[in-house]
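Hi everyone, thanks for coming. Today I'd like to walk you through one structure, starting with a pair of helices and then going on to the empty spaces. Have a look at it first.

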Amino acid sequence: MKQPLVKINNIKKHFPINNTFLKHSRRSLKAIDGVDLNIYKGETLGLVGESGCGKSTLGKIISQLLPPTEGDIIYDGLNLSEAGKTKIREVRKNIQVVFQDPYNSLNPRHSVEKIVTEPFRIHGLYSKKERRERVQYLLEKVGLNSKHMKRYPHEFSGGQRQRISIARTLALNPDFIIADEPVSALDVSVQSQIVNIFQDLQEELDITYLFISHDLSIVKHISNRVAVMYLGKIVELADKKTLYKKPFHPYTEALLSALPTPDPNVKKERIVLKGEKPSPVNPPTGCPFHPRCPYRMDICETVVPKLQEREGRLVSCHLYE
């Protein structure tokens, strides 16, 4: 049986809300509310959902930028919740993040050379000469001219800055990269170039990706499997072809109905969800999607559906129980 590189067990992240008048209030924002997920070596798992559903928070927990309220992250057999600081430091070499905004993720006061060599300085790797050679190699790997090492971020376009971010991410030869909306801040003309870089690097270096995005077209292009998230929970998980051909969960169905169709002769009915997305501070009882679901039943209002296997996929919906 294939073993996952990253195993996520019942992860929860609740942010306490401090009220000026009620300092001891126990209210909390449930950003992640019980997520189980496996990510296998060499694959790209797409994570999609509306803004505020918890995608980026989950990415930060996996990368150890945020501690979980509850649950375990197991990376390559090591439970990160129980590992000591020394072990975590070693694991961080293998887990890297490409952030959404290349304008803010690069230090404007540092040259490209200093930005890309920063991981080497932190971990005490290579001599000065070796670092420079490594920077030249990494820049060329992402399609940049190594002669630009002395330049600063403001001298580059958005797409070039994101290439610099990817070069820095590759510095420590990671096995697993979390790409958090890596192309959403870029021009459409540049997005495909960056996605192609990710794919080329995966093929050459056998990198595993968690690709977080709200753009279903890009996720369809790059992913092997796709997980759909709603209000802090995974509601459907399937391989790319299965999910896009026939979504099971009503929320997935609504998301995919918004995708444009390349054939103008094919008429596609858009599913418009009624009502507003519930607040993670006060989530609804039962199924979190039931206030907006066109197929809701009485049981949906009281019983939380389990994420169960149905016809080769995982889906959390009472319609299939």
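Okay, let's start with where two helices touch. On the α3 side, the residues in the contact are Val112, Ile115, Val116 and Pro119, and they meet Ile164, Ala167 and Arg168 of α5. If you sort that contact between α3 and α5 by class, you get six nonpolar residues, no polar ones and one charged. I should say right away that this is a predicted model, so please keep that in mind for everything that follows.

Now, how do people talk about a pair like this? Two packed helices are described by the angle between their axes and by the distance between those axes. For our pair, α3 and α5 pack at an angle of about 30 degrees, and their axes are 7 Å apart. Because angles under 35 degrees count as roughly parallel, α3 is roughly parallel to α5. And which hand does the crossing have, left or right? As α3 passes α5, the crossing is right-handed.

Next, pockets. These same two helices come back here. The largest pocket holds about 560 Å³ of space. It has 15 lining residues, and nearest the centre of the pocket you find Arg92, Ile95, Gln96, Pro119 and Ile122. You may recognise Pro119: it is one of the α3 residues that meet α5. Which elements supply at least two residues each to this lining? They are α2 (85–92), β6 (95–98), α3 (112–123) and α5 (158–170). The one that gives the most is α3, with four residues. By class, the lining of the largest pocket has seven nonpolar, four polar and four charged residues.

On to the second largest pocket, with about 470 Å³ of space. Here 28 residues make up the lining, and the closest to the centre are Val35, Asp36, Leu37, Leu307 and Leu314. This time it's strands that turn up: β1 (4–16), β2 (28–40) and β10 (233–239) each supply at least two residues of that lining. The most come from β2, which gives seven. The lining of the second largest pocket divides into 15 nonpolar, six polar and seven charged residues.

Last topic: cavities. Rolling a probe the size of a water molecule over the atoms shows where empty space is left. How many cavities of 30 Å³ or more does a search of the whole structure find? Three. The largest of them has a volume of about 80 Å³. Look at who sits closest to its centre: Cys287, Cys293, Cys300, Cys317 and His318, out of 15 lining residues. That lining has 10 nonpolar residues, four polar and one charged.

The second largest cavity has about 40 Å³ of space. Its lining is short enough to read out: Ser56, Gly59, Lys60, Ser63, Leu65, Val97, Phe99, Ile178, Asp180 and Ile212. Two elements give two or more residues to it, namely α1 (55–62) and β7 (176–180). Of these, α1 gives the most, with three residues. Sorted by class, the lining of this second largest cavity comes to five nonpolar, three polar and two charged residues.

That's the tour. Happy to go back to any of these spots on the screen.

Terms used. Residues are numbered from 1 along each chain as its sequence is written. This is a predicted model: local features need pLDDT of at least 70, side-chain atom pairs count only at pLDDT 80 or more; totals for chains, interfaces and linings use all residues. Side-chain values use heavy atoms; hydrogens and water are left out. On a 1 Å grid over the protein atoms alone, a cavity is a set of points where a 1.4 Å probe fits but cannot get out, and a pocket is an open set with protein on both sides within 12 Å along at least five of seven lines; lining residues have an atom within 4 Å of a point. Grid points are joined across faces, edges and corners, and a volume is the space filled by probe spheres set on the points. Ala, Val, Leu, Ile, Met, Phe, Trp, Tyr, Cys and Pro count as nonpolar, Asp, Glu, Lys and Arg as charged, and the others, Gly among them, as polar. Axes are lines fitted to C-alpha atoms, for helices over the stretch in contact, and angles run from 0 to 180 degrees between N-to-C directions. Angles under 35 degrees count as roughly parallel, over 145 as roughly antiparallel, 65 to 115 as roughly perpendicular and the rest as oblique. A crossing is left-handed if the near helix is turned anticlockwise from the far one by less than a right angle, and right-handed if clockwise. Contact means heavy atoms within 4.5 Å.
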